[in-house]
Amino acid sequence: MKKGGHRIAELRELLEFSQKEFAQRIGITQGALSQIESDKSKASFETINKISDEFNVNCNWLIRGSGEVLLPAESSRTESVGATQSDKASIPLIREEAHAGYVNGVKDRSYLSSLDVYQIPGFEKGDYRLFEIVGDSMVPTLHPGEIVVCEFAADSSLIENSSLCVLIYKDGIVAKRVFQYPEKKGSLILKSDNVEYKTQTLRRSKIFEAWLVRAKITTLLSTNGLAIERLEKLESDYQQLKSQVDNLVKNKAK
């Protein structure tokens, strides 16, 4: 079976692009593309997504070599990888009370179409979801009630270490930092930013969907009181030091 890089080279040749032209279209350097095509390096999730979006290519074929190379003109890429979204500019919002329903209806088109959708500037093109954060396991990065804008991860094995993700699996929806280690092959290590929470391990095979957090929507606009106190103390210390220097200068002048 051909490796992923070889399939990308095959696709480029099928589309009759030079390496330079193809690299420009997907936003990477020609050197990086050459490394990928020769399987000296692995295509990132962002690169896989860009190829799929730019050329209407089946992600399953790019990653695993399964299915048709190109998607039908009337089909969206998300339909081929399990994340249905008819209008990419309209992003479904999954609030706290809808979490259980989303887990059960994740592949049910009728359920997904029943969700409220929103348009978010800067996220007009791509496969996105909005999730409401529940619990304090990711404080101080994410707070309960905040909304995260997430991009679909076609292959969880391509997620880079320390990426902030929302994962959908049979027991619910969680927002965690994701790590992958050679000794834990086939599993994701989930860590919380709140040190009071323990690290978890989740088998990739148990994951229905993985979403990369790209932004958040928050109403928490309170100032950082600790930072202000420190600035005030520095200002006070500076004024005291300035006063002492002025007195020394005056004494020497006498």
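Which residues of helix H4 (residues 45-55) are buried? I looked this up before anything else. My list reads Phe45, Thr47, Ile48, Asn49, Ile51, Ser52 and Phe55. A reminder to myself: this is a predicted model, and every value below is computed from it.

**Entry: around H4 and H1**

I kept the helix spacing in mind while reading that list. An α-helix has 3.6 residues a turn, so residues three or four places apart point the same way. Just past the end of H4, I noted that asparagine 56 takes a positive phi of about 55°.

Then I went to H1. Its buried residues are Gly5, Arg7, Ile8, Ala9, Leu11 and Arg12, so I wrote down that two arginines are on the list, Arg7 and Arg12. What covers them? The cover over the buried residues of H1 includes helix H2 (19-26), helix H3 (30-37), H4 and H5.**Entry: the second largest pocket**

I checked the second largest pocket next and got a volume of about 230 Å³. Its lining is made of 15 residues, and the ones nearest the centre are Gly4, Lys42, Ala43, Ile63 and Leu158. Helix H1 (4-14) and helix H5 (59-64) are the elements that give two or more residues to this lining. H1 gives the most, with four residues. Sorted by class, the lining has seven nonpolar, four polar and four charged residues.

**Entry: backbone oddities**

I went looking for unusual backbone angles. Most residues other than glycine have a negative phi, and most peptide bonds are trans. I wrote down these exceptions.

- Glutamate 16 comes just after H1, in the loop between H1 and H2. Its phi is near 60°, a positive value in a residue other than glycine. The relative accessibility of glutamate 16 is 70%, so I logged it as exposed.
- Aspartate 39 sits in the loop between H3 and H4. Its phi is also positive, about 60°, although it is not a glycine. Aspartate 39 has 29% relative accessibility, so it goes down as partly exposed.
- The peptide bond from valine 139 to proline 140 is cis, with omega near 15°. Proline 140 belongs to the loop between strand S3 (128-132) and S4.

**Entry: cysteines**

How many disulfides does a search of the whole structure find? I got zero. I took cysteine 150 as a case to follow up. The closest cysteine sulfur to its own is in cysteine 165, 8.3 Å away, and that is too far for a bond, because a disulfide needs the sulfur atoms within 2.5 Å.

Is cysteine 150 buried or exposed? At 0% relative accessibility it counts as buried. Cysteine 59 is buried too, with a relative accessible area of 0%.

I then mapped the surroundings of cysteine 150, which lies in strand S4 (residues 147-152). Leaving aside neighbours within four places in sequence, cysteine 150 is in contact with Asp127, Tyr128, Arg129, Phe131, Val166, Trp211, Leu212, Val213 and Arg214. I also checked cysteine 150 against alanine 215: they are 65 residues apart in sequence, and their C-alpha atoms are 7.2 Å apart in space.

**Entry: the sheet**

In what order do the nine strands of the open sheet run? I traced S2-S1-S3-S4-S9-S5-S6-S7-S8, with mixed pairing. Strand S2 (117-118) and strand S8 (200-203) stand at the edges; each has a single partner strand, so one side of each is left without a neighbour in the sheet. For the general picture, strands of a sheet pair through backbone hydrogen bonds, either parallel or antiparallel.

I followed the S8 end in detail.

- Strand S7 (residues 187-191) and S8 run antiparallel and are joined by four bridges. Leucine 188 has leucine 202 in S8 as its bridge partner, and leucine 190 stands opposite glutamine 200 in S8.
- Strand S6 (residues 172-179) also pairs with S7 in the antiparallel sense, over three bridges. Here phenylalanine 179 stands opposite isoleucine 189 in S7.

Why is S7 described as largely enclosed by the rest of the structure? Four of its five residues are buried, so that is how I logged the strand.

Note on methods: Residues are numbered from 1 along each chain as its sequence is written. This is a predicted model: local features need pLDDT of at least 70, side-chain atom pairs count only at pLDDT 80 or more; totals for chains, interfaces and linings use all residues. Side-chain values use heavy atoms; hydrogens and water are left out. On a 1 Å grid over the protein atoms alone, a cavity is a set of points where a 1.4 Å probe fits but cannot get out, and a pocket is an open set with protein on both sides within 12 Å along at least five of seven lines; lining residues have an atom within 4 Å of a point. Grid points are joined across faces, edges and corners, and a volume is the space filled by probe spheres set on the points. Ala, Val, Leu, Ile, Met, Phe, Trp, Tyr, Cys and Pro count as nonpolar, Asp, Glu, Lys and Arg as charged, and the others, Gly among them, as polar. Buried means under 20% relative accessible area, exposed over 50%, partly exposed in between (1.4 Å probe, protein chains only). Contact means heavy atoms within 4.5 Å. Two strands pair if DSSP finds at least two bridges between them.
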